[in-house]
Amino acid sequence: MKKLLSVVVLVILAALMLASCSLFFNEEKCIEKLKTEGLTEGMCYLKAEECARATSLTNSEIAFMGGDFTVEIVKQYDLIENGDHSKSCTFITFATEEQAKQFEEFQIKWFSEKSDNPNNWKFARSGCTVVSTNLEIAKKNIPLMFK
């Protein structure tokens, strides 16, 4: 009886592990899903020199907004709706999780303190990647908690 119970528990645990794998955030799958939903590529920074430019721009923005930290962008992928860059979903991958955490918290604080957030930007993070969006379709299709 103990062997049977052990086998049942192992099977249940294995099934739960396999089921939970699909719940984990996968940037590439999210991007492909959003493309099938009609979003198109916007500004994407994938090469080293492009990421260096995005890093410089982002660090300038952080300093202008009163932040006291810097980041390094490894990759930035932007999807837009109907060719409108003001309606977008951006995936930014930072060099470290700490940078991603600082950036996400800074952005959430900045937009919560501002009385004017007409585009309703929301942010979520998984590891080194921060996702910012103002699109309901993105919030529905990306398995992260947006704040």
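What pattern does the protein follow, read along the sequence? The answer is α-α-β-α-β-β-α-β-β-α, a protein of 5 helices and 5 strands. Here helices (H or I, at least four residues) and strands (E, at least two) are DSSP runs, numbered from the N terminus. The model is predicted, and local features need pLDDT of at least 70, side-chain atom pairs count only at pLDDT 80 or more, and totals for chains, interfaces and linings use all residues. Residues are numbered from 1 along each chain as its sequence is written, and side-chain values use heavy atoms, with hydrogens and water left out.

Some overall figures help to set the scene. Of the 147 residues in the protein, 36% are buried; buried means under 20% relative accessible area, exposed over 50%, and partly exposed in between (1.4 Å probe, protein chains only). Contacts, defined by heavy atoms within 4.5 Å, often link distant parts of the sequence: among those between residues at least 6 apart, 59% join residues at least 24 apart.

A good place to begin the tour is helix α3, residues 48-64. With 17 residues, α3 reaches 24 Å from its first C-alpha to its last, close to the 24 Å expected at 1.5 Å a residue; the expected span is 1.5 Å times one less than the number of residues. The buried residues of α3 are C51, A54, T55, T58, N59 and I62. Seen down the axis of α3, these fall within an arc of 135°, so they line one face of the helix, the arc being that of the directions from the helix axis to the C-beta atoms. That buried set packs against β2 and α4. Turned away from the buried side of α3 is a face with the exposed residues E49, L57, A63 and F64. Just after α3, G66 takes a positive phi of about 95°.

Helix α4, residues 97-113, can be described in a similar way. Its 17 residues should span 24 Å at 1.5 Å a residue, and the end C-alpha atoms are 24 Å apart, which agrees. In α4 the buried residues are Q99, A100, F103, E104, F106 and Q107. They cover an arc of only 165° around the axis, which puts them on the same side of α4. Their packing partners are α3, β3, β4 (122-126) and β5 (129-133). On the other side of α4, S112 and E113 are exposed.

One residue of α4 deserves a closer look. Q99 lies in this helix and, at 15% relative accessibility, counts as buried. Apart from its neighbours within four places in sequence, Q99 is in contact with T70, V71, E72 and F94. The C-alpha atom of Q99 is separated by 7.5 Å from that of C128, 29 residues apart along the chain. C128 is found in the loop between β4 and β5 and is partly exposed, with a relative accessible area of 24%. Leaving aside neighbours within four places in sequence, C128 touches I92, T93, F94, A95, T96, E97 and A100.

Two asparagines stand out in the backbone. Most residues other than glycine have a negative phi. N82, however, has a positive phi of about 55° although it is not a glycine, and it lies in the loop between β2 and β3. At 71% relative accessibility, N82 counts as exposed. N120 likewise has a positive phi of about 55°, and its place is the loop between α4 and β4. At 37% relative accessibility, N120 counts as partly exposed.

Finally, the surface was searched for openings. On a 1 Å grid over the protein atoms alone, a cavity is a set of points where a 1.4 Å probe fits but cannot get out, and a pocket is an open set with protein on both sides within 12 Å along at least five of seven lines; lining residues have an atom within 4 Å of a point. The largest pocket has a volume of about 460 Å³, a volume being the space filled by probe spheres set on the points, with grid points joined across faces, edges and corners. Its lining has 18 residues, of which E61, Q76, T90, I92 and S132 lie nearest the centre. At least two lining residues come from each of α3, β2 (73-81), β3 (84-94) and α4. By class, the lining has 9 nonpolar, 7 polar and 2 charged residues; Ala, Val, Leu, Ile, Met, Phe, Trp, Tyr, Cys and Pro count as nonpolar, Asp, Glu, Lys and Arg as charged, and the others, Gly among them, as polar.
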